[in-house]
Amino acid sequence: MASVELNAANFESIISAPGTVLVDFWAAWCGPCRQFAPVFEAASEKHEDIVFGKIDTEAEQQLAAAANITSIPTLMAFRDGILVFSQPGALPGEALEDLIGQIEGLDMEAIKKDIAQRADA
């Protein structure tokens with residue numbers, strides 16, 4: 001599945017859906033963003049069960065600000081609507097594949113239980 005453009009209108013519904021969503025915050029003028037784009041696209045073609053979204057920080061400045069994006073590219077990962085990873089910087093293909101494996105291997109029931117316990121405290 002190719003990556004999808006995310007914007008203020010569809011961001012919340014896409015990241016809160018069940019499953020894994022990877023989000024690339026980027027800008028056309030950003031050299032590292034342009035280097036990361038083909039790596040991100042290649043992963044999107046390989047992992048059809050994962051949503052790969054891209055947010056143009058120039059076009060979606062309010063969304064980028066709401067996500068506290070201070071450096072691009074920034075990669076965020078959501079699983080079952082929960083932010084499980086956020087880091088600026090372009091990843092090489094092997095590192096992205098490793099990250100995807102780690103995200104897919106998370107015990108989401110334990111994470112949800114931990115979040116609920118923290119909310120109760």
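In this predicted model, D80 is partly exposed, with a relative accessibility of 27%, a value that falls between the 20% below which a residue would be called buried and the 50% above which it would be called exposed. The place of D80 is in the loop between β4 and β5, the latter covering residues 82-88, and its backbone is notable in that phi lies near 55 degrees, a positive value in a residue other than glycine.

A second positive phi is found at N68, where the angle is about 60 degrees although N68 is not a glycine. N68 belongs to the loop between α3 and β4, and with a relative accessible area of 63% N68 counts as exposed, because that value is over 50%.

The loop between α3 (61-66) and β4 (74-79) also holds P73, and the peptide bond that leads from I72 to P73 is cis, its omega being near -5 degrees. I72 itself lies in this loop between α3 and β4, and once its neighbours within four places in sequence are left aside, I72 is in contact with F25, W26, A27, W29, C30, C33 and T57. With respect to G101, by contrast, the C-alpha atom of I72 is 23 Å away, although the two residues are 29 apart along the chain.

From F25, one of the contacts of I72, the reader can pass to the nonpolar interior. The largest nonpolar core has 18 residues, and within it F11, V23 and F25 touch the most other members. At least two residues of this core are supplied by each of α1 (11-15), β2, α3 and β4, and the largest share, 4 residues, comes from β2. Which residues does F11 contact beyond its neighbours within four places in sequence? They are L6, V23, I55, L63 and F78. A second core, separate from that one, is made of 14 residues and includes F85, L96, I100 and I103.

Two of the residues named in the second core, L96 and I100, also take part in the packing of α4 against α2, where F36, V39, F40, A43 and K46 of α2 meet G93, L96, E97 and I100 of α4. The axes of these helices, α2 and α4, come within 10 Å of each other and cross at roughly 45 degrees. That angle makes α2 oblique to α4, because it lies neither under 35 degrees, where the pair would count as roughly parallel, nor in the range from 65 to 115 that counts as roughly perpendicular. The crossing of α2 and α4 is right-handed.

The contact between α2 and α4 includes K46 and E97, and these two residues also form a salt bridge, in which the closest N and O atoms are 3.6 Å apart. This pair links distant parts of the chain, since E97 sits in helix α4 (residues 93-104) and K46 in helix α2 (residues 31-46), 51 residues apart. The two partners fall into separate accessibility classes: E97, at 24%, counts as partly exposed, whereas K46, with a relative accessible area of 59%, is exposed.

By the rule applied here, the model has 4 salt bridges, and a further one joins K54 to D24, with 2.7 Å between the closest N and O atoms. Here too the pair links distant parts of the chain, with K54 in strand β3 (residues 51-56) and D24 in strand β2 (residues 20-26), 30 residues apart. Are the partners of this bridge buried or exposed? K54 is buried, with a relative accessible area of 8%, and D24 also counts as buried, at 1% relative accessibility, because values under 20% are placed in that class.

Another of the salt bridges brings together the side chains of D114 and R118, at 3.1 Å from N to O. Both residues lie in helix α5 (residues 108-120), and their separation of 4 residues corresponds to about one turn of the helix. D114 counts as partly exposed, at 30% relative accessibility, while R118, at 62%, counts as exposed.

Note on methods:
Residues numbered from 1 in each chain as written. Predicted model: local features only at pLDDT ≥ 70, side-chain atom pairs only at ≥ 80, totals over all residues. Heavy atoms only, no water. Buried < 20%, exposed > 50% of the residue type's maximum accessible area, 1.4 Å probe, protein only. Core = buried A, V, L, I, M, F, W, Y, C linked by side-chain atoms within 4.5 Å. Contact = heavy atoms within 4.5 Å. Axes fitted to C-alpha atoms, helices over the stretch in contact; angles between N-to-C directions. Parallel < 35°, antiparallel > 145°, perpendicular 65-115°, else oblique. Left-handed = near helix turned anticlockwise from the far one by under 90°.
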